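Colleague: Please take a single part of this model and go through it closely, from its strands outward to what packs against them.

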Amino acid sequence: MALSRKASCNSHGQDSSYFLGWQEYEKNPYDQIQNPTGIIQMGLAENQLSFDLLESWLAKNRDAASFKRNGTSFFKELALFQDYHGLPAFKKALADFMAETRRNKVSIDPNKIVLTAGATSANETLMFCLAEPGDAILVPAPYYPGFDRDLKWRTGVEIVPVQCSSCNGFKITTAALEEAYETARILNLEVKAIWITNPSNPLGTTMTQGELNLLIRFITLKQIHLVSDEIYSGTVFSSPEFVSILETLDERKCKNEKVCDRVQVVQSLSKDLGLPGFRVGAIYSSNETVISAATKMSSFGLISSQTQHLLASILSDKTFTRNYISENRKRLKKRHKMLVSGLHGCGISCLESNSGLFCWVDMRHLLHANTFQAEMDLWRRILYEVKLNISPGSSCHCAEPGWFRVCFANISEETLTISITRLKTFLSANYANVSKKTTNSKDCCSRKKWTLQLPFQERGLVE
Ligand SMILES: Cc1ncc(COP(=O)(O)O)c(C=O)c1O
């Protein structure tokens with residue numbers, strides 16, 4: 001019996017090297033005692049650095065996790081709660097947490113929040129609100145590989161990458177935006193939005209005020225939406241400070257109300273609080289129609305009431321959240337420094353970064369040719385010989401072969417040290433004569449055009 005086209009089409013992205021690396025890791029995971037020669041997972045953007053802070057809060061606040069208020073159980077109240085607007089106490093606490101991770105430069109209104117089961121759900125819900133199947137969105141590349149699944153798979157929307165280049169540290173330029181917009185026009189796709197990630201996954205950088213202003217000008221000119229996925233806002237560990245698109249709008253005094261209506265923000269507690277298993281995300285919007293539609297859609301991915309209740313208790317403890325954010329930043333900074341200097345000792349440099357749970361690592365000098373095939377060859381050797389799972393730039397749709405995303409916050413310091421030692425041994429055995437060449441501008445600008453695959457053509461979803 002045939003299944004639906006959606007169930008049988010392959011646009012989910014499960015076969016990307018990003019997910020294949022995870023599968024290989026699952027077959028042979030490193031463990032200091034049980035499996036010391038196993039694969040070390042450095043392809044997972046998880047923040048495990050501050051669990052002790054959450055655990056000690058829970059130990060001191062036992063009522064919060066046991067569904068009690070002043071010692072009395074309200075289990076039944078929670079078990080029956082099913083309002084898709086969410087628990088008011090949680091929305092208020094989340095709004096304050098969002099403001100805190102934005103250095104209280106913006107005030108966040110709980111009424112503009114729609115709760116979703118993680119940022120995955122928030123992103124897809126927004127896409128359902130903003131675009132039709134067969135429309136396009138522009139996404140600055142390199143971008144988070146999960147976007148191919150979250151933004152395209154079930155919505156039928158196409159992603160046209162905005163090709164950023166190492167020449168200027170992968171910053172967004174008007175020329176790159178115009179080029180992507182023109183590509184969409186040639187392909188007969190109507191562009192509905194630009195989707196940015198700030199701080200960036202995979203770059204680990206924050207956008208400058210200049211880039212944000214440029215984006216606002218561009219969406220005003222083209223009359224399209226802007227979605228800013230800001231789920232790494234609490235991970236900014238050194239200067240420059242994080243500037244949210246909400247702050248940019250505030251600074252522009254939101255003179256043009258219509259622009260404010262077209263800017264939406266995505267939030268999650270998966271990275272800032274290290275709780276991807278809790279599935280907590282949100283859409284923040286000033287557009288009443290978006291709020292209303294997304295709230296109705298959120299029935300398909302609600303956050304359970306016990307999770308909301310527990311997090312309302314944790315996040316309304318302001319002393320705790322302030323301390324958590326600042327301590328977590330310090331720990332990320334230390335870990336980032338460890339990875340950058342370890343790689344430097346191997347003759348490998350990283351894009352200068354100030355945020356996130358990963359570094360964007362330049363291994364172009366280790367490729368046997370300036371091709372994506374050579375990048376995959378190197379990736380395989382690092383996976384099967386060095387036994388490190390890192391993500392090749394091509395899985396993030398980077399236009400230049402030789403870049404890799406390497407995560408540093410999901411493993412212990414000891415494991416990170418082992419991974420650097422393994423890499424050093426591998427490089428001295430196999431690449432002893434390869435010195436780190438200083439890439440000249442011709443090198444970094446001679447990028448290949450990313451060939452845009454149109455899944456709907458493959459799978460015949462749109463005539
Ligand atoms: C940019 C970005 N958006 C969304 C997600 C998904 O987050 P969540 O676990 O909240 O669904 C991730 C996860 O890595 C991400 O990096």
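Modeller: Helices and strands here are DSSP runs numbered from the N terminus, a helix being H or I over at least four residues and a strand being E over at least two. The model is predicted, so local features need pLDDT of at least 70 and side-chain atom pairs count only at pLDDT 80 or more, while totals for chains, interfaces and linings use all residues. Residues are numbered from 1 along each chain as its sequence is written.

The part I take is an open sheet of seven strands, in the order β4-β10-β9-β8-β7-β5-β6 and with mixed pairing. Two strands are called paired if DSSP finds at least two bridges between them. Strands of a sheet pair through backbone hydrogen bonds, either parallel or antiparallel. At the edges are β4 (113-116) and β6 (158-163), each of which pairs on one side only. From one strand to the next the twist averages 25°; for this and the later angles, axes are lines fitted to C-alpha atoms, for helices over the stretch in contact, and angles run from 0 to 180 degrees between N-to-C directions.

One pair in this sheet is β9 (residues 263-268) with β10 (residues 281-285), which is antiparallel over five bridges. Within this pair, valine 266 stands opposite isoleucine 283 of β10. Helix α7 packs on the sheet and touches β4, β7 (191-197), β8 (225-229), β9 and β10, a contact being two residues whose C-beta atoms, placed from the backbone, lie within 7 Å. The direction of α7 makes about 40° with that of β10. Another helix, α9 (residues 174-186), lies across β5 (136-141), β6 and β7, and runs at about 150° to β6.

Two loops that follow strands of this sheet contain cis peptide bonds. The bond from alanine 141 to proline 142 is cis, with omega near 5°, and proline 142 lies in the loop between β5 and α8 (147-153). The bond from asparagine 198 to proline 199 is also cis, with omega near -5°, and proline 199 sits in the loop between β7 and α10 (209-222). Before β4, in the loop that leads to it from α6, arginine 103 has a positive phi, near 55°, although it is not a glycine. Most residues other than glycine have a negative phi, and most peptide bonds are trans.

Helix α7 also bears on the ligand. Residues 118-130 form α7, which gives the most to the shell around the ligand, with three residues. A residue counts as near the ligand if its C-beta atom, placed from the backbone, lies within 6 Å of it. There are 14 residues around the ligand, of which Gly118, Ala119, Thr120, Ser268 and Ser270 come nearest. By class, the shell has five nonpolar, eight polar and one charged residues; Ala, Val, Leu, Ile, Met, Phe, Trp, Tyr, Cys and Pro count as nonpolar, Asp, Glu, Lys and Arg as charged, and the others, Gly among them, as polar.

Besides the sheet, α7 meets helix α13 (residues 288-297) at an angle of about 125°, with the axes 10 Å apart. That angle makes α7 oblique to α13, since angles under 35 degrees count as roughly parallel, over 145 as roughly antiparallel, 65 to 115 as roughly perpendicular and the rest as oblique. The crossing of α7 and α13 is right-handed, meaning that the near helix is turned clockwise from the far one by less than a right angle, whereas an anticlockwise turn would be left-handed. On the α7 side the contact involves Thr125, Leu126, Phe128 and Cys129, which meet Val290, Ala293, Ala294 and Met297 of α13. Seven of these residues are nonpolar, one is polar and none is charged.

Helix α6 (residues 88-101), before arginine 103, packs with α15 at an angle of about 35°, their axes 11 Å apart. This crossing of α6 and α15 is right-handed. Phe97, Glu100 and Thr101 of α6 make the contact with Thr321, Arg322 and Ile325 of α15. The residues of that contact divide into two nonpolar, two polar and two charged.
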